[in-house]
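Colleague: I would like a close look at one part of this model. Please start there and then work outward.

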There are 2 protein chains.
Amino acid sequence: MGRKPSSKPTSFDIAYRAGVSQPTVSRALRGSKSVSLATRQRIEAIARELNYTVDKNASSLRSQRANTIALLFFEEPGAEESTINPFFLAMLGAITRQCANRGIDLLISFQKMEDDWHVRYQDSHRADGLILLGYGDYTLYEQRLTGLVGQGTHFVRWGSVRDDNIGVTVGSDNLGAGRLAGQHLLDVGRRQIAFLGQADEHYPEFADRYNGLCAALGERGIAADPALQVNAYTNEEDGYRAARQLLQSGAVFDAIFAASDLIAIGAIRALGEAGRAVPGDVAVVGFDDIPAAGHASPPLTTVMQDLKRAGDLLVETLLAQVEDRDQPEQTIPTRLIVRKSSGA
Amino acid sequence: MGRKPSSKPTSFDIAYRAGVSQPTVSRALRGSKSVSLATRQRIEAIARELNYTVDKNASSLRSQRANTIALLFFEEPGAEESTINPFFLAMLGAITRQCANRGIDLLISFQKMEDDWHVRYQDSHRADGLILLGYGDYTLYEQRLTGLVGQGTHFVRWGSVRDDNIGVTVGSDNLGAGRLAGQHLLDVGRRQIAFLGQADEHYPEFADRYNGLCAALGERGIAADPALQVNAYTNEEDGYRAARQLLQSGAVFDAIFAASDLIAIGAIRALGEAGRAVPGDVAVVGFDDIPAAGHASPPLTTVMQDLKRAGDLLVETLLAQVEDRDQPEQTIPTRLIVRKSSGA
DNA sequence: GGGGATAGGGCATACGTATACGCATACTAT
DNA sequence: ATAGTATGCGTATACGTATGCCCTATCCCC
């Protein structure tokens, strides 16, 4: 077994054996139609035989195309190392698969918003574009995003799709999802529906979900009670705290719509400790449909985001931008998964 | 705001403004000591001013070093898209951070073992080395791994550290961890300890954990009862099934050591349905310390793997290999996290 | 049979950086 | 003073591929 058969073969080696010039090899392997079928097949056979692979660096250098995108997770400043949002992790899987299908490589990085990611990736020709992921407060970064657009950096971010967003955003239909959840809880006879999650404009996705809930209430002639909205970020602890706060406030409620499954799970824990039965006393609906949702007790009714669709759309939208094509729709419909926690 | 200031500056542009030659710019920015301090600082200032970034493709092409590693997750053939092992996801975070610290880029991919990953990454000069991750059955791939070694491909895999492994392996001290768990259960007075998890050589990590348990039993003069070992892969469903199987077999047991937290959580569900109290009737110890372990009811006693250490070591070991340095130790100690489920 | 069109492929070169060498200048040692 | 040694930098070139341009051989049609 040859240790190192003689370092890696280049397109010149292939060309030599095939009796053609190096550019012909390049053209053949890239599928250019100005190479005859016979020649191409000969070249392909030789390439396979020699275990030849196109050198990505040379290829990218010459073509100015890396065939790579960078995925940036933005962490909350205070985030624990271990607490990566399961929702994003699931999306990672979808994105990865989608990239693999398209023959595109994926660079990944967890970043503080403060770091100079655009320099690190796009500017260095490392990646053709960026996918920005994180329930972050993008309003803090408007300036930077504006700069990116100005520089011609290609990027797509996940979040709340709005007309005045900087750059291109892909996201679930959070407003519609909030309505779905609200309607469902109303349908099962609940009237005092609390919302656990940030509802201000620094968390546009959560705000949309809340607004959707309010819309559903409004459609049935019920006014949303501000006392029933309690801030919560996105983890289990926060859900627990928010629910306790709600309980202690003395507000009357017979349902909770949580902005994420983790919040919902934390809330259920708090309700249990307070002796409130779920769904008997309080119906609970979550958001995301993370794996744990189905295993929670009681199993959690939740809004499912279509992760596969999300991954596909993020990648497709980004590539469309890079290749200067028309961009597809950017809002993804959601689906309500009814389980025991809402008492349906 | 300039749309495109005049495409990207190159090292020649910097050189021109600094009144030096291009190679000097390269040397200065790479920190070569054959550039005077004054010159370097001048160059650095200009580079910053022009927003210059080294073109990674050109750099890698010339230096034959990508400063990139590829992380490959291997999926079980039947794996669901959404069921990425939480343990690996957590490790992903650690690896990512470690790479960021070292200024190394990370490519990521989920693969079937069948695919030709080595071609795709290392052979194409896309990455300097590979990290192989997955509770997979590597014995099936010995041939391929042998081929990799023969080709001089750099890789490190996560798993059971043994002398006869092909390539370099980094992993937790599963044998020691199994002993820890066993000793703990013995210490709290249990004697019939069941093991849920594959114990055959196709799953070396699980086998080590089982063997560690047997060793702990042996040290107290107790023989391991083969009837108390039930196969389970690594997810919650499998743990549930395995526990039911164990219950139905009529075997007597007062403790369960599960090869993973997910198995343990599934087992607790099955025990609950069967009316066996945890830890009253059955003490349970899991493995991994995934986030859900602390939130389980009862909170799960488990073996914590040091993920940060794991990520660091994987990266360091791989780079040591790439750079032809001595490789560090490859076994990582574990720690027992005692919670309620073991009745301590 | 001549003029165009087309297919097939070679030639030259560019992509932007890193590095082996060589050459000056300055500084040390004898 | 003179050989010897750093120091600091320029010259030339290589890394391996993709692509614009040009050339030849067909082939076709009127």
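Which hand does the crossing have where α1(A) passes α3(A)? Please take me through that helix pair, and then through what surrounds it.

Modeller: The crossing of α1(A) past α3(A) is right-handed. Bear in mind that this is a predicted model.

Start with the geometry. Two packed helices are described by the angle between their axes and the distance between the axes. Here the helices are α1, residues 11-18, and α3, residues 37-49, of chain A. Their axes cross at roughly 125° and come within 10 Å. Angles from 115 to 145 degrees fall among the oblique ones, and α1(A) and α3(A) are therefore oblique to each other.

Now the residues. α1(A) brings A:Ile14, A:Arg17 and A:Ala18 to the contact. Facing them in α3(A) are A:Arg42, A:Ile43, A:Ile46 and A:Ala47. By class, the contact of α1(A) with α3(A) has five nonpolar and two charged residues. No polar residue takes part in that contact.

Chain B has its own pair. Helix α1 (residues 11-18) of chain B packs on helix α3 (residues 37-49) of chain B at about 125°. The two axes are 10 Å apart. α1(B) and α3(B) are therefore oblique to each other, and their crossing is right-handed. On the α1(B) side, the contact is made by B:Ile14, B:Arg17 and B:Ala18. On the α3(B) side, it is made by B:Arg42, B:Ile43, B:Ile46 and B:Ala47. These residues divide into five nonpolar, no polar and two charged.

How are the two chains related? Two copies of a chain are related by a rotation about an axis and a shift along it. For this model, a turn of 180° and a shift of 0.0 Å along the axis lay chain B on chain A. The RMSD is 0.1 Å. That is the relation of a two-fold axis.

The chains also touch. Chain B gives 40 residues to the contact, and chain A gives 40 residues. On the side of chain B that touches chain A, five elements give two or more residues: α4, α5 (86-102), β2 (105-111), α6 (117-123) and α12 (291-295) of chain B. By class, that side of chain B has 16 nonpolar, 13 polar and 11 charged residues. 100% of the interface residues of chain B are also interface residues in chain A, so the copies meet through the same surface.

Next, the DNA. Strand C is surrounded by 24 residues. The closest are A:Ser21, B:Ser11, B:Pro23, B:Ser26 and B:Ala58. The elements that give two or more residues to this surface are α2 and α4 of chain A together with α2 and α4 of chain B. The residues near strand C divide into eight nonpolar, 11 polar and five charged.

Strand D also has 24 residues around it. Those that come nearest are A:Ser11, A:Pro23, A:Ser26, A:Ala58 and B:Ser21. At least two residues each come from α2 (22-30) and α4 (56-63) of chain A, and from α2 (22-30) and α4 (56-63) of chain B. The classes near strand D are eight nonpolar, 11 polar and five charged.

Back to helix packing in chain A, with another pair. Helix α8 (residues 174-187) and helix α9 (residues 204-219) of chain A pack at about 45°. Their axes are 6 Å apart. α8(A) and α9(A) are therefore oblique to each other. α8(A) passes α9(A) in a right-handed crossing. The contact draws on residues including A:Gly176, A:Ala177, A:Gly178 and A:Gly182 of α8(A). From α9(A), the contributors include A:Asp208, A:Gly212, A:Ala215 and A:Ala216. The residues of this contact divide into nine nonpolar, seven polar and four charged.

Last, some backbone details. The peptide bond from A:Ser297 to A:Pro298 is cis, with omega near -5°. A:Pro298 is in the loop between α12 (291-295) and β10 (301-304) of chain A. In chain B, the bond from B:Ser297 to B:Pro298 is cis, again with omega near -5°. B:Pro298 lies in the loop between α12 and β10 (301-304) of chain B. A:His125 is not a glycine, yet has a positive phi of about 65°. A:His125 sits in the loop between α6 (117-123) and β3 (129-133) of chain A.

Terms used: Residues numbered from 1 in each chain as written. Chains lettered and ligands numbered in written order. Predicted model: local features only at pLDDT ≥ 70, side-chain atom pairs only at ≥ 80, totals over all residues. Axes fitted to C-alpha atoms, helices over the stretch in contact; angles between N-to-C directions. Helix = DSSP H or I, 4+ residues; strand = E, 2+ residues; numbered from the N terminus. Parallel < 35°, antiparallel > 145°, perpendicular 65-115°, else oblique. Left-handed = near helix turned anticlockwise from the far one by under 90°. Contact = placed C-beta atoms within 7 Å. Nonpolar A, V, L, I, M, F, W, Y, C, P; charged D, E, K, R; others polar. Near = placed C-beta within 6 Å. Least-squares fit on C-alpha atoms with pLDDT ≥ 70 in both.
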